[in-house]
Amino acid sequence: MIKSKNWLIYAIITTLFWGVWGALIEITEKAGFPATLGYVVWALTMIPPAIVALYNINWQLNYDKKAIFYGALAGFTGAGGQLILFETLRLGPAYLVFPIISLSPVITIILSKIFLKEKTGKLGWAGIVLALIAIPLLSYQEPSANSNGNLLWLALALIVFGAWGFQAFVLRFANNSMKAESIFFYMMATAIMLIPVALYMTDFSQPINWGFKGPYLAAIIQTLNAVGALMLVFAFRYGKAIIVSPMTNALAPVITIILSLIIYSVIPHPIIITGMILAILAALLMGYEEEVDEDTKEELTANAS
């Protein structure tokens, strides 16, 4: 397969890994291992993929000021958004928080259209629209009294929404001037730099599971997230941000829901099932449009030569 089409392979791997990660991550949290410590484990699991990535480019890390800036920006917006999300969920209702932040691809699409001049065909845009509809549906949760009336959670949710949408744009933009492997290295470095924040946010007065279902199982599960993140950087390397971002954000929850149905016997709400159908249709439309577009470009190039 030619290099220009690799974006779809990387996007699919990201979707699969993140989907499985989403279904398994609550095992450790329910076993008594806090999500904030899960962040610490995740940051550490970013190290092996980063080493493999650097080995892949013969350790030729981009270390000029621009590369460090873009890499750190991608890292801090991603990992920083995750830490802010912990506090957001502490203050606000998850059934409102997740639909808000799940629409972060809107930011990515707008920025990519303006600054990267990315384009796609009618089927691609139809897929994007369906994905943006599907994502909040997939994030649906039953209303509960998990709010203390403080609307600070809304401001924090909007910050996460903006940070993650902007991060996806940065990943695509940075790939134009530096190696994808270097971007991931800086993402790993910034994630580790934020470990003290996660430790500060952890309530160590509560019982913490330090057994296998604690940090050890968390390491296995978080590795899925870390490898998925590396594949996402490569997906942005070869693919369009306006396609990769909504596709991965829409399809990963579908896999999570299906696995949760199998593992936990949780029957999805009709709203979520609707989101799953729309997400699958969106992915098919976007993937088909981009494959046809690449094939057309190749044919024109061959004819011109």
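At 25% relative accessibility, Glu26 counts as partly exposed, and this residue makes a good starting point for a walk through the structure, which is a predicted model. Its partner is Lys30, with which Glu26 forms a salt bridge whose closest N and O atoms are 2.8 Å apart. Lys30 itself is exposed, with a relative accessible area of 65%. Both residues belong to helix α1, which covers residues 6-30, and they are four residues apart, a spacing of about one turn of the helix.

Side chains of opposite charge can pair when their charged atoms come close. In the whole structure, a search finds three salt bridges, so it is worth looking at the other pairs in turn, beginning with Arg90 and Glu87, where the closest N and O atoms are 2.5 Å apart. These two residues lie in helix α4, residues 65-91, and because they are three residues apart there, about one helical turn separates them. Arg90 counts as exposed, at 56% relative accessibility, while Glu87 is partly exposed, with a relative accessible area of 27%.

The side chains of Arg172 and Glu118 also meet in a salt bridge, with 3.7 Å from N to O. This pair links distant parts of the chain, since Arg172 is in helix α8 (residues 152-174) and Glu118 is in the loop between α6 (105-116) and α7 (122-138), 54 residues apart. Arg172 is buried at a relative accessible area of 15%, and Glu118 is buried as well, with a value of 7%; both count as buried because the limit for that word is under 20%.

Returning to Lys30, the reader can find another contact of this side chain, for its charged end sits over the ring of Tyr264, 5.6 Å from the ring centre. Just after Tyr264 in the numbering comes Ser265, which is placed in the loop between α12 (241-264) and α13 (270-304). Ser265 has a positive phi of about 55 degrees although it is not a glycine, and at 59% relative accessibility it counts as exposed. A positive phi is also found at Trp59, again a residue other than glycine, where the value is near 65 degrees. Trp59 is in the loop between α3 (47-56) and α4.

Which kinds of aromatic contact can be followed through the model, and how are their rings set against each other? A pair of aromatic rings is described by the distance of the centres and the angle of the planes. A search of the whole structure finds 11 aromatic pairs. One of them is formed by Tyr39 and Trp42, a tilted pair with 5.3 Å from centre to centre and 50 degrees between the planes. These two residues are three apart in helix α2 (residues 35-45), so about one helical turn separates them. Tyr39 is buried, with a relative accessible area of 3%, and Trp42 counts as buried at 13% relative accessibility.

The rings of Tyr70 and Phe173 give another example, because their centres are 5.4 Å apart and their planes stand at 90 degrees, which makes the pair edge-to-face. Tyr70 lies in helix α4 and Phe173 in helix α8, so the pair ties together parts that are 103 residues apart in sequence. Tyr70 is buried, with a relative accessible area of 17%, whereas Phe173 counts as partly exposed at 32% relative accessibility. Both residues belong to one aromatic cluster, which is formed by Phe69, Tyr70, Phe115, Phe166, Phe169 and Phe173.

The last stop is the empty space inside the model. Rolling a probe the size of a water molecule over the atoms shows where empty space is left. The structure holds one cavity of 30 Å³ or more, and about 30 Å³ of space lies in the largest cavity. Its lining is made by Ile25, Thr28, Glu29, Phe33, Pro34, Gly38, Ala218 and Gln222. The elements that give two or more residues to this lining are α1 and α11 (212-238), and α1 gives the most, with three residues. By character, the lining residues divide into four nonpolar, three polar and one charged. Helix α1 thus appears in two parts of this account, since it holds both Lys30 and Glu26 and also gives the most residues to the lining of the largest cavity.

Note on methods
Residues are numbered from 1 along each chain as its sequence is written. This is a predicted model: local features need pLDDT of at least 70, side-chain atom pairs count only at pLDDT 80 or more; totals for chains, interfaces and linings use all residues. Side-chain values use heavy atoms; hydrogens and water are left out. A salt bridge is a side-chain nitrogen of Lys or Arg within 4 Å of a carboxyl oxygen of Asp or Glu. Buried means under 20% relative accessible area, exposed over 50%, partly exposed in between (1.4 Å probe, protein chains only). On a 1 Å grid over the protein atoms alone, a cavity is a set of points where a 1.4 Å probe fits but cannot get out, and a pocket is an open set with protein on both sides within 12 Å along at least five of seven lines; lining residues have an atom within 4 Å of a point. Grid points are joined across faces, edges and corners, and a volume is the space filled by probe spheres set on the points. Ala, Val, Leu, Ile, Met, Phe, Trp, Tyr, Cys and Pro count as nonpolar, Asp, Glu, Lys and Arg as charged, and the others, Gly among them, as polar. Rings of Phe, Tyr and Trp (its six-membered ring) pair if their centres lie within 6.5 Å; planes under 30 degrees apart count as stacked, over 60 as edge-to-face and the rest as tilted. A charge sits over a ring if NZ of Lys or CZ of Arg is within 6 Å of the ring centre and within 35 degrees of the ring normal.
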